[in-house]
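Trainee: Please take one part of this model and go through it closely. I would like the metal site and the charged pairs around that stretch of chain.

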Amino acid sequence: MPDSGPGDHQLKRIVLPSGKTIEVVYFDHASFAGPRPEPREAPAERPADDERELHLCINCDSRLVYPVQWDEAGAKTWNVTLRCPECEWTECGVFTQEQCDRFDDELECGTDALSRDYKRLVTANMSEEIDRFSAALRADAILPIDF
Ligand SMILES: [Zn+2]
């Protein structure tokens, strides 16, 4: 439901599938003239399979599907465009809040796994650099001209 803003704009708070809330500012004066629209009902188009896991590609079984775009479709549904990076399959569909919550959890797990791998790689690279540098110091191979 939109909130009234001071003067020439209105604010609307939208809860994203991740649970984060964003505020959208509307500056369109024409939209202020009429009565406020009723909250949108869920569209007639219901998700075909409420149990489907959105991170799984239905074309190649990859587990790396991610959302390209999303917006509210209804009170408890989201219109989401999905993309598989392995076979380039895409789909735009309406999915339930529960599906999107599970999808968001899966995406966060993937982000955490990537972050852990990145930190391990940085640590391994730094360890190798330190080993090479200390070996060069022991061999008197580091000279003032190197700095
Ligand atoms: Zn795929």
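Mentor: What follows covers the zinc site and then three salt bridges. The model is predicted.

The zinc ion is held by four sulfur donors, the SG atoms of Cys 57, Cys 60, Cys 84 and Cys 87, at 2.3 Å. Along the chain these donors are spaced as C-x2-C-x23-C-x2-C. The angles subtended by the 4 donor atoms run from 105 to 115 degrees, so the arrangement is tetrahedral. Two of the ligands can be described by their accessibility: Cys 57 is buried, at 2% relative accessible area, whereas Cys 60 is partly exposed, at 33%.

Now the charged pairs. Side chains of opposite charge can pair when their charged atoms come close. The structure holds 5 salt bridges. One of them joins Arg 52 to Glu 91, with the closest N and O atoms 2.7 Å apart. This pair links distant parts of the chain, 39 residues apart: Arg 52 lies in the loop between α1 and β4, and Glu 91 in strand β6. Arg 52 has a relative accessible area of 16% and is therefore buried, the cut-off being under 20%. Glu 91, at 21%, counts as partly exposed.

Another salt bridge pairs Arg 102 with Glu 53, at 3.0 Å between the closest N and O atoms. Here too the partners come from distant parts of the chain, 49 residues apart, with Arg 102 in helix α2 and Glu 53 in the loop between α1 and β4. Arg 102 is partly exposed at 27%, and Glu 53 is partly exposed at 29%.

Finally, Arg 83 and Glu 88 form a salt bridge through their side chains, with an N to O distance of 2.6 Å.

Key
Residues are numbered from 1 along each chain as its sequence is written. This is a predicted model: local features need pLDDT of at least 70, side-chain atom pairs count only at pLDDT 80 or more; totals for chains, interfaces and linings use all residues. Side-chain values use heavy atoms; hydrogens and water are left out. Donors are N, O and S atoms within 2.8 Å of the metal (3.2 Å for Na, K and Ca); water is not among the atoms, so sites may look incomplete. Four donors count as tetrahedral if all angles lie between 85 and 135 degrees; four count as square planar and six as octahedral if opposite donors are over 155 degrees apart and all others between 65 and 115; anything else is irregular. Buried means under 20% relative accessible area, exposed over 50%, partly exposed in between (1.4 Å probe, protein chains only). A salt bridge is a side-chain nitrogen of Lys or Arg within 4 Å of a carboxyl oxygen of Asp or Glu. Helices (H or I, at least four residues) and strands (E, at least two) are DSSP runs, numbered from the N terminus.
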